[in-house]
Amino acid sequence: MDLLLVSILAGIFGALLGLGGGILLIPILQLFFHIPLHTAMGASLISVIATSSGAAVAYVRDHISSIRVGMFLEIATTTGAVTGAFIAAHVSTMLLDIIFGLVLLFSSYSMLQRHSAELPENVQEHPWAKKLRLNGSYYDATLGRDVDYTVAGIPGGLGMMYVAGLLSGLLGIGSGTFKVLGMDIFMKLPFKVSSSTSNFMIGVTAAASAGFYFSKGWIDPRISGPVAIGVLIGALLGARLMVRLRSRTLRMVFIPVLVAAALEMLLTGLGVHGL
Amino acid sequence: MNDQPTPSGTGAAPSDRDQRLARLEMVVSRVLQVGVTLSAAIVAVGIVMFLITHQGGYPIAGFPHTISGVLSGVVQGKPYAVISLGLLVLLLTPVLRVAVSLGSFVVEQDRIYVVVTFYVLAVLIASFFLGQAGI
């Protein structure tokens, strides 16, 4: 029952903060429910897939996400995810705790940064972009016009996506933050296209990790079952609340909590207890 | 640029092809939403079964972690297997999306993307078996 309530809350906050529930759920499950880390990671992947498949209609309907860019990059994210899951099976949970803490710190930091709505300029189109038909256009509601974009830095983008996939498999998260970074920094996609395409890709990446987790027995029905239901209810409630709350204010309130969780995970990983 | 497929397909403007692709994605996304609802319903049934019987149907700390194990457990009416079935349905929703995209790229004869999508689908399917292989 507690598990269900906590998952509902994680779903609500995930929807409000624009995070997959995973990065919130794992510390809660491990630190407060004393659930083994791999099982917590499995439950987190379930919550990532539930929220992303449930919301897919919205991401596709806005016509901003690029199906081709997403599918092409999934080559790297799914390969990375399987590699990461494989590594997770062979390293100590203490090391995983430390990596998770660092990733959580980094995510909190990137939440602080405000993204300008400006579009990338002087994009050097990569030779593969035309052949793979990755260039595209979307209607930007804030600018009130169609925006054409070209794609740069494809190898760098693929590399970053591999890392994002690796972290997904290694830590049981959706790693949307890292996907957006890759499309932003290397491929120079407009921010709206990056974030929408990232949401579109998260489910497939998480499924590659989750397949491995399932066959390893890390998806425990006693934990993942209530979490799946809770997160879905939470995400529905969160989407309703979103209209009324300012997400920026909420982020500012929430960042200290994330940082505290990150430090706690780091300390757990380092073998320091009693905080 | 030595093997452009067709001269007409190289423009930057969204082609009919891409519009058809987008429409198909919309349908798939609706199906996914149904899949998620279905999986939640199955999980809920499993949890209710567990709450009534207070038994998972498996020895201490046990639950199935192969697809066949889940299915045979469901047939025997084991609550944990029913919950796992619901979770499996959830895990398969993204796989279904990729499978449908593969089909549409095949129909559109978009060779590069047939290969791309086929690879992604193969990794997804393999992932369900890699862990069992003792890797």
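Leaving aside neighbours within four places in sequence, which residues is S107(A) in contact with? The tour gets there at the third stop.

**Before you start**

This is a predicted model, in which local features need pLDDT of at least 70, side-chain atom pairs count only at pLDDT 80 or more, and totals for chains, interfaces and linings use all residues. Residues are numbered from 1 along each chain as its sequence is written, chains are lettered from A and ligands numbered from 1 in the order in which they are written, and side-chain values use heavy atoms, with hydrogens and water left out.

**Stop 1: chain A as a whole**

Select chain A and show the cartoon. You have 11 helices and two strands. Helices (H or I, at least four residues) and strands (E, at least two) are DSSP runs, numbered from the N terminus. The order from the N terminus is α-α-α-α-α-α-β-β-α-α-α-α-α.

Chain A has 275 residues, and 57% of them count as buried. Buried means under 20% relative accessible area, exposed over 50%, and partly exposed in between (1.4 Å probe, protein chains only). Take the contacts between residues at least 6 apart in sequence: 81% join residues at least 24 apart. A contact means heavy atoms within 4.5 Å.

Now switch on the surface. Chain A exposes about 11000 Å², and carbon and sulfur atoms supply 65% of it. Accessible areas come from the Shrake-Rupley method with a 1.4 Å probe; for residues, only the protein chains shown count as cover.

**Stop 2: the nonpolar patch**

Select F106(A), Y109(A), L112(A) and M252(A). Together they make a nonpolar surface patch of about 360 Å². Patches are made of residues with over 30% relative accessible area and no salt bridge; like charges are joined within 9 Å, nonpolar side chains (Val, Leu, Ile, Met, Phe, Trp, Tyr) within 5 Å. Helix α5 (residues 93-112) gives the most to this patch, with three residues. F106(A) sits in helix α5. F106(A) counts as partly exposed because its relative accessibility is 32%.

**Stop 3: two buried serines**

Stay on helix α5 and pick S107(A). S107(A) counts as buried, at 4% relative accessibility. Beyond its neighbours within four places in sequence, S107(A) is in contact with I23(A) and T177(A).

Next, pick S44(A) in helix α3 (residues 37-61). Its relative accessibility is 0%, so S44(A) counts as buried. With neighbours within four places left aside, S44(A) is in contact with G22(A), L25(A), I26(A), G172(A) and I173(A).

**Stop 4: helices α7 and α8**

G172(A) lies just after α7(A) and takes a positive phi of about 70 degrees. Now select α7(A) itself. It has 18 residues and reaches 25 Å from first C-alpha to last, close to the 26 Å expected at 1.5 Å a residue. The expected span is 1.5 Å times one less than the number of residues. The buried residues of α7(A) include I154(A), M160(A), L167(A) and L171(A).

Move on to helix α8 (residues 176-185). G176(A), F178(A), K179(A), V180(A), G182(A) and M183(A) are its buried residues. What do the buried residues of α8(A) pack against? They pack against α4 (67-88), α5, α7 (154-171) and α9 (191-216) of chain A.

**Stop 5: the hairpin**

Select strand β1 (residues 136-140). G136(A), Y138(A) and D140(A) point to one face and are buried; S137(A) and Y139(A) point to the other and are not. Add strand β2 (residues 145-149): the two strands pair in the antiparallel sense over five bridges. Strands pair if DSSP finds at least two bridges between them. G136(A) stands opposite Y149(A), and S137(A) has D148(A) as its bridge partner. Four residues separate the strands of this hairpin, and G144(A) in the turn has a positive phi of about 70 degrees.

**Stop 6: salt bridges**

The whole structure holds four salt bridges. Each is a side-chain nitrogen of Lys or Arg within 4 Å of a carboxyl oxygen of Asp or Glu.

- D140(A) and K192(A): closest N and O atoms 3.1 Å apart. The pair links strand β1 to helix α9, 52 residues apart. D140(A) is buried at 3%, whereas K192(A) is partly exposed at 31%.
- D110(B) and R68(A): closest N and O atoms 2.7 Å apart. This pair crosses between chains, from the loop between α3 (79-107) and α4 (111-130) of chain B to helix α4 of chain A. D110(B) counts as buried at 3%, and R68(A) counts as buried at 6%.

Finish by adding R133(A): R68(A), R133(A) and D110(B) are linked in a network of salt bridges.
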